[in-house]
Amino acid sequence: MSPLRLAAAIRAATLTILPRVAGSGEAAEKLIVTVAPTGSVPRKKDTPHVPVTPDEIAETAYRCEQEGASIIHVHCRDENERPTSRFEIFQETVEKIRKRTKLVVMTSTSGIAAQTDEDRATPLQTRPEMGSLTTGTLNFAGRKPAVVYVNTPETVQFLAKAMFDQHIKPELEAFDVGFVQQGMRLIESGLVKEPAHFQLVMGVDGGVPATPENLLHMRNQLPPTATYVVAGMARMQLPMTTMAIVLGGHVRVGLEDNLYLKKGVLARNEELVARARHLADDLQREVASPDEARAIMGLAPRR
C-alpha cells in the first residue's frame, strides 16, 4: 500500500474516535522531527555509525538538521563508550551542537547512565531547552541480562523540580499507559507547566507493544493542550512514524531506537531523519524548522 493510501486508511479508521485529528480541509500542524542519535546501548561493535564522542555527536546533529530534524535528544558516553552523566562531557557535547546547529537541545536524565538523582540531574546544568523525564519504572526485558529502569515517584519529582527551577521544558516519557497518568499528576501538582510535551515509546520489550490500537489508546489519554512525539522501537519505527504523522503527532527517529534502514542495512542517523521527512512530504505534512518547533511547544525563541 502506498503512503497516501495508508494515510487515508488510518484517517478513515480513526476520525470517529480522535476528535483532534485534522479533518478534510484542515491543515495539520507542522511535523517536529526529533533525532536520538546515541542512546545508552549501541556500541561501535554494533554499528560503526553510532556517534559516541562530542565531535561525532555534533557532526551528526549538523547532518540531521540539514535533513529536517529540529530537536536532538542527547546521551553521552565516556572514553570506553559507557553511558555517562559527567558534566564536562555533556558540556562539551552541548556546546559543540549549539555552535554548529540551531537544534533544540534535549539532554537525557536516564537512570541507566547514573545511579543517584543528583547524577541524573547533572546534564541539566548545561542549561538545555528541554530534558527527558521518564515518569515510571520499566523492565527492559529484552536485554541480556535484563535491566530495571528505576524511576521512583521521589526521583521523578526531584528531576521535575530541577527542570522547573531552571526553566527547562520536560519531555514526559511514557513507556506504557500508566506512565501518562503519572505525567498528568506532575501537571496537576504544578511541577510541569502546560502545554506539556509527551513522548509515547512504543515497542520496548517490557513496555506497551507497538500496535495502532495501543498508540491510539495512549494518545487519547493525553491532556487536550499537550503535544506528543511517537518513538517506535526497532522495525516498528517506520510504522509508528507513519501513524504519528497521519494522526497529527510528532516523531522521533535515530540509532538509539533502531539500527537499520531496512532489513540487513545499517542506518545512519541522518538517513532515518531523511526517511521521516520524505514520508511526511508524501503524506502532505510540512516539517518544522527548529524555531517553528520552539513555537509549537511553547519554548522561547533562540537568542
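A cavity here is a set of points, on a 1 Å grid over the protein atoms alone, where a 1.4 Å probe fits but cannot get out, and lining residues have an atom within 4 Å of a point. This is a predicted model, in which local features need pLDDT of at least 70 and side-chain atom pairs count only at pLDDT 80 or more, while totals for chains, interfaces and linings use all residues. Residues are numbered from 1 along each chain as its sequence is written, and side-chain values use heavy atoms, with hydrogens and water left out.

**View 1. A small closed space beside α8 and α9****.** Searching the whole structure turns up two cavities of 30 Å³ or more. The second largest cavity holds about 40 Å³ (the space filled by probe spheres set on the points, with grid points joined across faces, edges and corners). Its lining is Q237, L238, T241, V253, L272, R275 and A276. Helices α8 (237-247) and α9 each give two or more residues to that lining; helices (H or I, at least four residues) and strands (E, at least two) are DSSP runs, numbered from the N terminus.

**View 2. The barrel****.** Eight strands close up in the order β1-β2-β5-β6-β9-β10-β11-β12, with parallel pairing (a pair needs at least two DSSP bridges). From one strand to the next, the twist averages 25°; angles run from 0 to 180 degrees between N-to-C directions, with axes fitted to C-alpha atoms, for helices over the stretch in contact. Strands β1 (residues 33-35) and β2 (residues 71-74) are joined by two bridges, and T34 has I71 as its bridge partner in β2.

**View 3. Helix α9 on the barrel strands****.** Helix α9 (residues 269-282) lies across β1 and β12 (250-253), at about 155° to β12.

**View 4. The largest pocket****.** A pocket is an open set with protein on both sides within 12 Å along at least five of seven lines. This one has a volume of about 840 Å³. Of its 38 lining residues, F140, R143, V204, M233 and E256 lie nearest the centre. Strands β6 (130-134) and β10 each bring at least two residues to the lining.

**View 5. The second largest pocket****.** Here there's about 690 Å³ of space. The lining counts 26 residues, with E129, H167, I168, L299 and A300 nearest the centre. At least two lining residues come from each of α5 (153-165), β9 and α10 (290-297).

Key
Contact = heavy atoms within 4.5 Å.
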